[in-house]
Amino acid sequence: MSIIITAFERSPDGGAGLARDTRVRWALEEVGQPYEVRLVSFRAMKEPAHLALHPFGQIPTYEEGDLALFETGAVIFHIAERHAGLLPENANARARAITWMFAALNTVEPPILELATARLLESDKPWSKQRLPLVENRVRDRLKQLSARLGGADWLDGGFSAGDLLMASVLLRLKSSGILDEYPNLAAYVARSEARPAYKRAFAAQLAINAGKAPAD
Ligand code: GTB
């Protein structure tokens, strides 16, 4: 059954790999599943054909036969459930890996998204200078806790899992901010993730689409 995902026709990040299709590409590369990509414009994302796949008019979506999914967490869970390589066999270890998937999306990503919003969309507001350090410190609070838990381990709980895939994807968004470098074990964790051949293939595939295109408005 062929797999089709959607991605930005022109990613606003110009190919930095930060849009969420990279996570799905990475998961598919980790489990060795080929996939096709349908590129969508910002306008097309809000039209009925795409809204039928994604009620919020976003990318990525995932189609496999008569199954259509949205939300990267759900998509990656689906991929990990059906193919070996992203979740451990042992039931308790599997439950813990799934816990890390939720932790990445529900606990670590929200303050990081808040920081991106503060930096990108609020910098012209008169209160921005006062608010930004507060938002940065909320990110630091989470990173400090995550760093303490990771310690000197390579991955969050034993071998690499979908939990690490999502956590590293979330942390990648901080790379350009300098904040990640305040936590050397987390910076090394992200570098270790980026060094995985599956990540490199996923990154290269999205770059091939976006390289040379002017970033979307
Ligand atoms: N919770 C959903 C999921 O996990 O799938 C969130 C999906 C989402 O935010 N999609 C974004 C989107 O379609 C693209 S990834 N936005 C268009 C819209 O809402 O109209 C978010 C993203 C966008 C751009 C950058 N960037 O330029 O750096 C990074 C991340």
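# Exercises on a predicted model

Pro60 lies in the loop between α3 (48-51) and β3. The model used in these exercises is predicted.

**Exercise 1.** Find which residue is joined to Pro60 by a cis peptide bond, and give omega.

Solution. Step 1: go to the loop between α3 and β3, where Pro60 is found. Step 2: look at the bond between Ile59 and Pro60, which is cis, with omega at about 0°. Step 3: set this against the general rule that most peptide bonds are trans.

**Exercise 2.** Describe how strand β3 pairs with β4 and with β1.

Solution. Step 1: take β3 (residues 61-64) and β4 (residues 67-70), which pair in the antiparallel sense over 4 bridges. Step 2: name residues that face each other in this pair. Thr61 stands opposite Phe70 in β4, and Glu63 stands opposite Ala68 in β4. Step 3: examine the link between the two strands. β3 and β4 form a hairpin with 2 residues between them. In the turn, Gly65 has a positive phi of about 60°. Step 4: turn to β1 (residues 3-8), which is joined to β3 by 3 bridges and runs antiparallel to β3. Here Ile5 stands opposite Tyr62 in β3.

**Exercise 3.** Sort the side chains of β3 by the way they point, and state whether they are buried or exposed.

Solution. Step 1: recall that side chains in a regular strand alternate between the two faces of the sheet. Step 2: apply this to β3. Thr61 and Glu63 point one way, while Tyr62 and Glu64 point the other way. Step 3: check accessibility. All of these residues are buried, and buried means under 20% relative accessible area.

**Exercise 4.** Compare the settings of Glu71 and Pro34, two loop residues.

Solution. Step 1: locate Glu71 in the loop between β4 and α4. Step 2: read its backbone angle. Phi of Glu71 is near 75°, a positive value in a residue other than glycine. Most residues other than glycine have a negative phi. Step 3: classify its accessibility. Glu71 has a relative accessible area of 42%, so it is partly exposed. Step 4: locate Pro34 in the loop between α1 (21-30) and β2 (36-40). Step 5: classify Pro34 too. It counts as exposed because its relative accessibility is 64%, and the cut-off for exposed is over 50%. Step 6: relate Pro34 to Ile3. These residues are 31 apart along the chain, and their C-alpha atoms are separated by 7.2 Å.

**Exercise 5.** State how many cavities of 30 Å³ or more the structure holds, then work out where the largest cavity lies with respect to the domains.

Solution. Step 1: count the cavities of 30 Å³ or more; there are 3. Step 2: take the largest cavity, which holds about 90 Å³ of space. Step 3: examine its lining. Among the lining residues are Gly17, Trp26, Glu109, Ser169 and Tyr199. By class, the lining has 5 nonpolar, 3 polar and 3 charged residues. Step 4: assign the lining to helices. α1 and α7 (162-172) each supply at least two residues, and α1 gives the most, with 3 residues. Step 5: bring in the domains. Domain 1 (3-85 + 198-211) and domain 2 (91-196) both give residues to the lining, so the largest cavity lies between them.

**Exercise 6.** Describe the lining of the largest pocket, and say which helix gives the most to it.

Solution. Step 1: note the volume of the largest pocket, about 1200 Å³. Step 2: count the lining residues. There are 41, of which Leu18, Ala19, Arg20, Leu113 and Arg173 lie nearest the centre of the pocket. Step 3: sort the lining by class, which gives 21 nonpolar, 9 polar and 11 charged residues. Step 4: list the helices. α2 (42-45), α4 (72-82), α5 (91-121) and α9 (197-210) each supply at least two residues. α5 gives the most, with 10 residues. Step 5: check the domains. The lining draws at least three residues from each of domain 1 and domain 2.

**Exercise 7.** Find which residues UniProt gives for the feature "domain: GST N-terminal", and describe this stretch.

Solution. Step 1: take the range from UniProt, where an unreviewed entry places the feature at residues 8-87. Step 2: read the composition. Over residues 8-87 the chain is 36% helix and 18% strand. Step 3: note the ends, whose C-alpha atoms are 28 Å apart.

Methods
Residues numbered from 1 in each chain as written. Predicted model: local features only at pLDDT ≥ 70, side-chain atom pairs only at ≥ 80, totals over all residues. Heavy atoms only, no water. Pairing = 2+ DSSP bridges. Buried < 20%, exposed > 50% of the residue type's maximum accessible area, 1.4 Å probe, protein only. 1 Å grid on protein atoms, 1.4 Å probe; cavity = no way out; pocket = protein on both sides within 12 Å on 5 of 7 lines; lining within 4 Å. Points joined across faces, edges and corners; volume = space filled by probe spheres on them. Nonpolar A, V, L, I, M, F, W, Y, C, P; charged D, E, K, R; others polar. Domains from an automatic or database assignment. UniProt positions renumbered as here; feature names shortened; annotations may be inferred.
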